[in-house]
Structures are given as C-alpha cells and as structure tokens.
Amino acid sequence: MTTSNLNLASISTDSNSKIQRFMVLGSARTGSNLLLSLLSAHPHIKTYGELFNLDMLPETSLLEVLDDPVTFLRRRVYQNHKLEIAAIGFKMFYEHLTRDYFIKPVDVSDAAPQLQEKYTRFSNFIESNYAWEILDERFRTTWEFLRADQSLAVIHLQRRNMLHTLTSLKRAFVTSQWWSLKSGPQTTHPVHLDPEECGRYFQKLSHSAAEADAAFAEHPKINVIYEDLIEKQQATLQRIFAFLKVPCKSVTTRMKKQNLASLRETVDNYEQLKSYFRNTRWDVFFE
C-alpha cells in the first residue's frame with residue numbers, strides 16, 4: 001500500500017452528494033460477514049459484500065475486474081442509488097487486489113478437495129490469460145483510487161485474538177463452510193496448527209493491519225473489534241451508525257456464530273502452541 005499521487009479530480013461521484021461511501025477493511029474470519037449482514041438490514045444502508053474476492057466472483061464479474069477494477073468499483077459503489085440510501089459500502093480484505101491474494105495466508109493442503117481443485121483452476125486461468133505486470137498495475141491503481149478518495153469512510157474491522165482468526169480460517173478451508181444460518185450446537189472440527197505457520201500468520205496479519213491504518217490515516221475511520229460486535233452488539237452498531245451518519249435502527253441477522261467451542265477444544269495441539277509462544281508478544285492469545 002504505497003502512497004498515492006492519484007488526482008482527486010479523477011474520482012467521479014454521483015449526483016447525490018449526501019451519500020456516505022464506506023469500506024469495511026480487514027481480514028477473513030473477523031466477523032465481516034456478520035457485520036455486513038447487520039448493516040445491510042438497515043433501511044438506509046446498501047452493501048455490496050466482497051467486490052474483489054476474485055476466485056468467488058461469477059465469470060462475467062471476474063473478467064470485468066481483471067480488465068478494469070476501478071471501473072468495476074465505480075459501477076457499483078460510485079453511482080446513483082435510491083434516494084432513501086444514505087450510505088453505500090463494500091468489503092475489502094488487506095490482500096485483495098494484491099499478489100498476496102494468490103498465496104493463501106495458511107497451508108491449504110488440508111482444505112476440502114473441491115476448494116483445492118477450485119484454487120488450482122483459478123490459478124491456471126490467471127497464469128494462462130494475464131501478465132502479472134499488467135495485473136499489478138491495475139491492482140495498484142485501484143488501491144490508489146481508494147486512498148485518494150478521502151471522503152471514503154473506513155470501518156477497520158479486527159479481532160483481538162488472532163489465534164481465533166487463524167483457527168476459524170483453517171476450519172473454513174477444511175469444511176468449506178464460511179458462514180452459517182443454523183442455530184444450536186455445531187459440529188466441532190479440531191485443527192492442528194504448526195507453530196511456525198502460526199507465527200508467520202500473526203506477524204503478517206499484524207503488519208497488514210498497521211499498514212492499512214497508515215494508508216488510510218487521512219480518511220474518516222473507525223476501529224471495530226469483532227469481540228465487541230458479539231458481546232456489545234447494539235452499542236457497537238450505534239457507534240457505526242453514528243459514524244456513517246445514518247439514524248440508529250434496531251437491526252438483526254439470521255447469521256449464527258459457527259464455533260462455540262473453546263480454543264482448547266478446537267486446536268488439538270493447543271498446549272504445544274501455548275508453550276511455544278510463552279513470553280512472546282503473542283502469548284496473550286492463550287488462556
């Protein structure tokens with residue numbers, strides 16, 4: 001995320017200047033689906049989800065993004081909307097539209113076979129049809145576009161315990177289940193975590209969060225913590241609604257927390273990891 005020299009005049013806006021555009025910025029497994037489902041339940045908020053989760057996009061949208069991601073963004077977020085819409089947002093992960101997107105943040109050798117096959121097909125498609133120098137330039141231009149629009153509000157969503165984030169990510173790859181509408185007890189899928197992989201993940205995520213804060217330091221920005229969204233949901237939503245300048249409303253979602261088990265129950269080598277990270281900056285993640 002380098003500093004942009006993009007001219008603000010190049011950023012087109014729609015005729016309704018009162019609309020607050022916003023971006024939920026963060027990483028996978030920090031409650032972004034939950035947050036967007038709650039925000040989209042507000043009658044004056046429109047959300048678009050992950051516009052740049054490339055291997056999940058329909059083919060037509062994928063080709064649009066790879067050809068011109070800024071135009072793709074403009075067509076959805078920077079356009080006229082219904083008069084009752086006061087805020088328009090989308091979700092962006094740190095690695096979206098970067099080379100890191102094509103290198104999964106964890107070892108996916110245990111991922112569900114259908115996911116592994118999907119990732120392989122996607123990577124082969126990119127390698128066969130696009131030059132990396134061209135994609136890098138298009139991706140960089142999009143991040144510059146976002147940074148140059150200092151009217152864009154940023155909701156920086158994080159999770160206090162990155163071990164929870166990593167464990168949830170591993171489980172999602174194994175089960176191929178990224179969210180749930182089911183209530184009640186869920187099947188626990190214990191995971192085994194390599195200590196060195198954990199360390200690399202903690203370091204990378206910490207660095208990406210700090211880099212994002214620096215890149216969008218001049219933007220209207222609010223930090224939201226996943227644990228607060230779960231434990232103090234109404235108070236947290238009130239903060240966000242005030243930040244987006246929309247009336248406070250009571251909103252609900254059908255989404256449910258997928259894993260109610262403790263880390264000791266979810267990570268089969270929890271004690272090994274606790275010992276490995278003792279007296280490091282990461283030991284706060286262990287009970």
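In the predicted model, Leu97 counts as buried, since its relative accessibility is 2% and a residue is called buried when this value lies under 20%. Leu97 belongs to the loop between β3 (87-93) and α4 (113-129), and its backbone has a positive phi of about 55 degrees, although Leu97 is not a glycine.

A positive phi is also found at Arg29, where the angle is near 70 degrees and the residue is again one other than glycine. Arg29 is placed in the loop between β1 (20-26) and α1 (32-40). With a relative accessible area of 13%, Arg29 is likewise buried, because this value too falls under the 20% limit.

A residue with a partly open position is Val174, which is found in helix α6. The relative accessible area of Val174 is 36%, and the residue is therefore described as partly exposed, a term that covers values between the 20% limit for buried residues and the 50% limit for exposed ones. When its neighbours within four places in sequence are left aside, Val174 is in contact with Asp110, Ala111 and Ala112. In addition, Val174 and Val108 are separated by 66 residues in sequence, while their C-alpha atoms are 8.1 Å apart in space.

One of the contact partners of Val174, namely Asp110, also takes part in a negative surface patch, which is formed by Asp107, Asp110, Asp194 and Glu196. Within this patch, Asp194 is located in the loop between α6 (162-175) and α7 (195-215). Asp194 has a relative accessible area of 37% and is partly exposed; this value satisfies the accessibility requirement for members of a patch, because such residues must have over 30% relative accessible area.

For the chain as a whole, the secondary structure comes to 11 helices and five strands. The chain contains 287 residues, of which 49% are buried, and Leu97, at 2% relative accessibility, is one of the residues that count as buried. Among the contacts in the chain with a separation of 6 or more, 82% are accounted for by residues 24 or more positions apart. The area exposed by the chain is about 14,400 Å², and carbon and sulfur atoms supply 49% of this area.

How values were computed
Residues numbered from 1 in each chain as written. Predicted model: local features only at pLDDT ≥ 70, side-chain atom pairs only at ≥ 80, totals over all residues. Heavy atoms only, no water. Patch = residues over 30% accessible without salt bridge, like charges linked within 9 Å, V, L, I, M, F, W, Y side chains within 5 Å. Areas by Shrake-Rupley, 256 points an atom, 1.4 Å probe, with all protein chains shown as cover. Salt bridge = Lys/Arg side-chain N within 4 Å of Asp/Glu carboxyl O. Lys, Arg positive; Asp, Glu negative; His and termini not counted. Charge placed at Lys NZ, Arg CZ, Asp CG, Glu CD. Helix = DSSP H or I, 4+ residues; strand = E, 2+ residues; numbered from the N terminus. Buried < 20%, exposed > 50% of the residue type's maximum accessible area, 1.4 Å probe, protein only. Contact = heavy atoms within 4.5 Å.
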